[in-house]
Amino acid sequence: MASNRGHGGIQQLLAAEQEAQHIVAAARNAKMARLRQAKEEAEREIAEHRAQVEREFQRKLSESSGDSGANVKRLEQETEVKIHHLKAGAEKIQYDVVQMLLKHVTTVKN
């Protein structure tokens, strides 16, 4: 009878070991499933953040490109004003410059 009890104890130990292996395997599988789920959630959050940053970038780009059109127009107007002032100044001194050039060209020096 003692050998029966010893044999029954070994059987209990083997059954407990198998049960422990099943529990460990189930925990390992649950951990892997949670890791996969966490990875998917992180990838989804990254994609959402990336899309949000891209939208913000496109918004700022469209705002700044609208400003550049206004800047180009303003620069063109300023350039036209400066050209007008230069032409007006050139017209004022044109006669004097021509007279000075004629004087130097027609003067003979020995």
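What share of the 110 residues of this chain count as buried? Keep that in mind while you look at the picture, and remember that we are looking at a predicted model. The answer is 0%. Let's see what goes along with that.

Start with the overall fold. The secondary structure comes to one helix and zero strands. That helix is called H1, and it covers residues 2–106. So when I say "in helix H1" today, you know where to look on the screen.

Now the overall dimensions. If you draw a box around the C-alpha atoms along the principal axes, the box is roughly 145 × 40 × 10 Å. There is another way to put a number on this. A compact globule of 110 residues would have a radius of gyration near 13 Å, but this chain has 46 Å. A pair of alanines gives you a feel for the distances. Ala 70 sits in helix H1. Its C-alpha atom and that of Ala 38 are 48 Å apart, with the two positions 32 residues apart along the chain. Ala 70 has 46% relative accessibility, and it counts as partly exposed because that value lies between the cut-offs of 20% and 50%.

Next, a note from a database. UniProt, in an unreviewed entry, lists residues 25–59 as "coiled-coil region". What does the model show over residues 25–59? In that stretch the chain is 100% helix and 0% strand, and the C-alpha atoms at its two ends lie 51 Å apart.

On to the surface. The accessible surface of the chain is about 10500 Å², and 59% of it belongs to carbon and sulfur atoms. What about charge? The chain carries 18 positive and 16 negative side chains. The centres of those two sets are 4 Å apart.

Some of these charged side chains pair up. How many salt bridges does the structure hold? It holds three, and we can walk through them.

The first stop is Arg 34 with Glu 41, whose side chains meet in a salt bridge at 4.0 Å, N to O. Arg 34 is partly exposed at 44% relative accessibility, and Glu 41 is partly exposed too, at 27%.

Then find Arg 59 and Glu 56. In this salt bridge the closest N and O atoms are 2.3 Å apart. Why can these side chains reach each other? The two residues are three apart in helix H1, so about one helical turn separates them. Arg 59 is partly exposed with a relative accessible area of 38%, and Glu 56 is partly exposed with 34%.

Finally, look at Arg 74 and Glu 78, which form a salt bridge with an N to O distance of 2.9 Å. They are four residues apart in helix H1, which means that about one helical turn lies between them. Glu 78 counts as partly exposed at 34% relative accessibility, and Arg 74 counts as partly exposed at 40%.

So here is the picture to take away. We have a predicted model with one helix and zero strands, three salt bridges, and 0% of its residues counted as buried. Thanks for listening, and do turn the structure around for yourselves!

Technical notes:
Residues numbered from 1 in each chain as written. Predicted model: local features only at pLDDT ≥ 70, side-chain atom pairs only at ≥ 80, totals over all residues. Heavy atoms only, no water. UniProt positions renumbered as here; feature names shortened; annotations may be inferred. Rg over C-alpha atoms; globule rule 2.2 N^0.38 Å. Buried < 20%, exposed > 50% of the residue type's maximum accessible area, 1.4 Å probe, protein only. Areas by Shrake-Rupley, 256 points an atom, 1.4 Å probe, with all protein chains shown as cover. Lys, Arg positive; Asp, Glu negative; His and termini not counted. Charge placed at Lys NZ, Arg CZ, Asp CG, Glu CD.
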